[in-house]
Amino acid sequence: MTRAVLDVRLLERGDWHVLRTIRLRALAESPHAFTSPYQREFRWSEHQWRRRVETEDWFVAVDDGHVIGMAALVDCSPHDPHHIESIWVAPTHRNRGVFRALLDGIIEIARRAGLTDLWLWVLEDNRCALRVYERLGFEWTGERQPIRPRHRCRELRLRRRI
Ligand SMILES: CC(C)(COP(=O)(O)OP(=O)(O)OC[C@H]1O[C@@H](n2cnc3c(N)ncnc32)[C@H](O)[C@@H]1OP(=O)(O)O)[C@@H](O)C(=O)NCCC(=O)NCCS
């Protein structure tokens, strides 16, 4: 498959509606990949979306004017390192280098901010994403946690030096 020709851009404060549209699309299309259900975020107010776009760095991939991929760089807390979250690429554009391009954009910003590592959590049964992350240089840290108390599925933490 040919590689996608695209722009990667960082959403600005006023782009909350762009974030809402692509995030809800991701949750509807890939519910198995995320721990937050579509019905929960569908009910969020404009205020909640605005807050999210203002407090996290949201990267989107744009192909021919259409947003077809996303990922967020999140500073969880002073004690927790920066994580990449909400990673999603439209099925029409998978395996064409879109996430690689998003990751390149994130790494550029992260390096400028003085970060040396990036982290992410992935559900342990998401074999496709695990293979992609491994291919892009992420390694399992050995950490595993349940997504909810007593929940069967767990997530793994991966790290990549940048
Ligand atoms: C996981 C996901 C984001 C990957 O995005 P993508 O744009 O298809 O990935 P890329 O095309 O940039 O691929 C990156 C590398 O992984 C490889 N790769 C892509 N899909 C793969 C697959 N299914 N199996 C193995 N390797 C794969 C590519 O060959 C590429 O390596 P290369 O550049 O050396 O050839 C996408 O499949 C997706 O949105 N899945 C559903 C949602 C999801 O699972 N999100 C993750 C939540 S943690």
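Buried, here, means that a residue has under 20% relative accessible area, while exposed means over 50%. Keep that pair of cut-offs in mind as we walk through this model, which is a predicted one.

Let's start with helix 5, which runs over residues 127-135. Its buried residues are Ala129, Leu130 and Tyr133. Looking around the axis, these three cover an arc of only 100°, which puts them on the same side of helix 5. Flip to the other side of helix 5 and you'll find Arg127, Arg131, Glu134 and Arg135, which are exposed. Just after helix 5 comes Gly137, and its phi is positive, near 95°.

Helix 3, residues 46-55, can be read in much this way. Trp49, Arg52 and Val53 are its buried residues. Viewed down the axis of helix 3, they fall within an arc of 95°, so they line one face of the helix. His47 and Arg51 sit on the other side of helix 3 and are exposed.

An arginine on that buried list may catch your eye, so what does Arg52 pair with? Arg52 forms a salt bridge with Glu56, and the closest N and O atoms are 3.5 Å apart. Glu56 is buried too, just like Arg52. In general, side chains of opposite charge can pair when their charged atoms come close.

Now zoom out to the charges elsewhere. The structure holds 13 salt bridges. One to look up is Arg23 with Glu41, where the closest N and O atoms are 2.9 Å apart. Arg23 belongs to helix 1 (residues 16-29) and Glu41 to helix 2 (residues 38-42), so this pair ties together parts that are 18 residues apart in sequence. Both ends of the bridge, Arg23 and Glu41, are buried.

For a bridge within a single helix, go to helix 4 (residues 98-112). There Arg112 forms a salt bridge with Glu108, with 2.7 Å between the closest N and O atoms. The two residues are 4 apart in helix 4, which means about one helical turn separates them. Arg112 counts as exposed because its relative accessibility is 62%. Glu108, with a relative accessible area of 48%, is partly exposed. Back among the buried charges, salt bridges that share partners join Arg23, Glu41, Arg52 and Glu56 into one network.

Then there's an acid without such a partner. Asp63 lies in strand 2, residues 57-63. Asp63 is buried yet has no salt bridge. How far away is the nearest side chain of opposite charge? That side chain is Arg96, and it is 5.0 Å away; a salt bridge would need a nitrogen within 4 Å of a carboxyl oxygen. What Asp63 does have is a polar contact between its side chain and the side chain of His93, at 2.7 Å.

Last stop: the ligand. There are 22 residues around the ligand, and Ile87, Val89, Asn95, Gly97 and Arg135 come nearest. The backbone gets involved here. A backbone N or O atom of Ile87 lies 2.8 Å from a nitrogen atom of the ligand, and a backbone N or O atom of Val89 lies 2.8 Å from a ligand oxygen atom. Arg131 brings in a side chain, with a polar atom 3.3 Å from a nitrogen atom of the ligand. Taken alone, the ligand exposes 940 Å², and the protein buries 83% of that. You've already met Arg131 and Arg135, since both are on the exposed side of helix 5.

Key:
Residues are numbered from 1 along each chain as its sequence is written. This is a predicted model: local features need pLDDT of at least 70, side-chain atom pairs count only at pLDDT 80 or more; totals for chains, interfaces and linings use all residues. Side-chain values use heavy atoms; hydrogens and water are left out. Buried means under 20% relative accessible area, exposed over 50%, partly exposed in between (1.4 Å probe, protein chains only). Lys and Arg count as positive and Asp and Glu as negative; His and the chain ends are not counted. A polar contact is a pair of N or O atoms within 3.5 Å; within protein, one must be able to donate a hydrogen and the other to accept it, and residues adjacent in sequence count only if both atoms are side-chain atoms. A residue is near a molecule or strand if one of its heavy atoms lies within 4 Å of it. Accessible areas come from the Shrake-Rupley method with a 1.4 Å probe; for residues, only the protein chains shown count as cover. The arc is that of the directions from the helix axis to the C-beta atoms.
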